[in-house]
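Reader: I'm new to this one and would like a close look at a single part of it. Could you walk me through that part slowly?

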Amino acid sequence: MGSDLVEVSINTIKMLAIFLMMIQAVPMLVWVERRGSAFIQRRFGPNRVGPLGLFQLLADAVKFIFKENFVPKNAVKFLYLAAPVLALIPAALTFTAIPLSTPVEVASFELFGQSWGPYVFQFRGFEMNIGIIYILGVGSLGVYGLLIAGWASGNKYSLLGAIRASAQMISYELALGLSIVGILMIYGTFDLVELIGSQTGHLQFSFSGKEYHVGFLPNWGIFFQPLGALLFLVSAFAESNRLPFDLPEAEAELVAGFHTEYGGFKMLVFFMGEYGHMMVASALFAIFYLGGYHIPFVSVDSVKEFFLSTEMFGTSTLASLMTALVFHLSLLFKVIFLLWVFVWVRWTLPRFKYDRLMSLGWKTMLPWALVNTIVTALFIYYSKVSG
Amino acid sequence: MSLIDITFYILALTTFFAGVAVIAIPNPVYSALCLAITMIGVAGLFFTLEAYFIAGVQLIVYAGAVVIMFVMVLMLFDLKHEKKAFSKGLFSMILKIGSSAVVLASIFSAIYLTISAKPRLEEVNTDAIVAAKGLALQLFTKNVFAFEVIGILLLVVLVGAIALAKGKGGTHA
């Protein structure tokens with residue numbers, strides 16, 4: 001957490017801010033989802049409350065909070081109430097491990113007659129050198145919330161939804177894990193910051209002793225691992241239970257699946273978990289395949305020098321802070337685009353049949369992910385032997 | 001007592017009591033949930049030891065696999081029937097209880113041997129535990145034979161499980 005009072009307090013505030021950032025994004029995503037679906041289906045969507053219908057979010061939140069706190073007769077009360085929280089915790093915990101921007105370097109300063117610093121604050125909840133293993137591990141716990149919700153509701157539709165959720169998430173977790181093995185082998189690290197760091201500049205690689213440069217493309221992972229990127233995106237859809245893979249809640253078959261018996265704020269917490277998973281998946285896709293928080297052809301140093309040369313942000317601390325904000329905006333831009341892809345696909349593609357979903361996961365995604373891994377490994381071996 | 005000690009005691013107590021609850025609670029659903037808590041607690045203990053890689057793998061492999069058990073419990077088990085099937089027939093009952101006793105004895109002897117063993121701290125290669133690279137080097141160079149044998153063993157278990165599930169044995173089919 002830190003060595004002295006300033007560091008500890010700033011790190012605590014930072015953690016809270018990152019958690020609230022995730023929670024605050026949910027109502028906006030709900031708005032995007034509703035307006036976006038209306039846009040795709042040539043409807044208006046919620047447009048009456050406030051400008052562009054934006055205050056609909058507030059009205060919804062108030063409605064959710066003031067609904068009756070209801071527990072069904074057949075439910076197991078403790079687990080029924082615990083399930084939404086269990087669905088939210090993994091999403092929130094994984095989000096804190098994602099590096100959101102360049103570190104902020106604070107030069108030493110005087111406060112309360114004492115000199116503090118210098119400090120370096122990472123722009124993420126906490127640092128960990130095996131970021132991706134942690135995210136996969138904690139993310140795999142998300143299924144417990146759904147499973148417990150379905151079982152504790154005491155409703156057969158809920159239980160069917162929960163069993164579907166567990167089978168689906170476990171099947172696609174394999175493809176998700178394997179699809180990123182290729183990119184991890186190429187960059188040779190589990191550390192997300194190092195992964196992002198090796199995707200700067202223009203596209204360049206060395207193969208059989210020769211260096212290749214492609215000046216007009218950024219050095220992003222998607223150009224090395226197009227198949228891996230596609231597999232990762234599809235499994236991310238399945239992992240966050242979004243259409244076309246939203247079988248756990250298939251409303252045409254199962255009423256509302258695992259959250260049939262949930263209403264009011266409890267259902268909203270499930271929503272937060274789902275959108276949290278979407279945000280984590282989008283951020284991971286941006287980090288693995290789209291250069292993370294880096295802006296193509298713009299280096300961190302050049303942005304920092306620009307801010308140092310301005311009058312307003314001339315000090316090194318302020319320049320570092322502004323640089324971090326600029327690169328954070330870059331990551332946000334990529335994440336927001338990917339979140340829009342989530343909404344876009346949801347309202348474009350129809351739902352899969354359950355057996356098709358399983359055969360896609362086991363017979364298509366998994367073999368292709370294995371092929372991707374082996375071919376990547378062979379390429380790396382060949383270029384090492386010949387180079 | 002430092003913060004890391006307090007974390008250790010909280011995690012250790014949680015793991016211990018959840019582990020006891022796995023076998024003490026009669027309801028198999030709660031039992032499976034307690035097993036999940038035990039696994040997460042062990043992963044937390046690895047985290048406090050800064051063995052992040054092993055902690056992550058513990059979460060992915062073990063805590064993830066308990067979900068399957070949970071579903072098995074929900075879909076396939078009939079506990080009353082299971083108890084009856086377990087104690088049916090004198091000869092097979094003796095055989096089953098005897099094999100349980102063998103498993104129990106081996107677990108207790110393992111615990112006894114670990115307690116009586118002296119720690120040899122100077123020989124521990126921390127790099128092989130903490131960093132993924134060191135662990136991989138140990139696994140794929142020095143201990144590659146054991147690693148491959150365990151792989152084959154798991155394959156055998158997998159094939160056996162499928163063969164058992166396809167035939168009609170116990171209450172599982």
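Reader: How many helices and how many strands are there in chain B?

Author: Sure, but a bit of housekeeping comes before the tour. This is a predicted model, where local features need pLDDT of at least 70, side-chain atom pairs count only at pLDDT 80 or more, and totals for chains, interfaces and linings use all residues. Residues are numbered from 1 along each chain as its sequence is written, while chains are lettered from A and ligands numbered from 1 in the order in which they are written.

Now, chain B has 8 helices and 0 strands (helices are DSSP runs of H or I with at least four residues, strands are E runs with at least two, both numbered from the N terminus). Along the sequence that reads α-α-α-α-α-α-α-α. Chain B has 173 residues, and 15% of them count as buried, meaning 20 or more other C-beta atoms, placed from the backbone, lie within 10 Å of a residue's own.

Next, the side facing chain A. The contact takes 17 residues from chain B and 18 residues from chain A; two residues are in contact if their C-beta atoms, placed from the backbone, lie within 7 Å. On the chain B side, α2 (28-48) and α3 (52-76) are the elements giving two or more residues. The largest share, 14 residues, comes from α3(B). By type, this side of chain B divides into 15 nonpolar, 2 polar and no charged residues. Here Ala, Val, Leu, Ile, Met, Phe, Trp, Tyr, Cys and Pro count as nonpolar, Asp, Glu, Lys and Arg as charged, and the others, Gly among them, as polar.

Notes
Buried ≥ 20, exposed ≤ 12 C-beta atoms within 10 Å, placed from the backbone.
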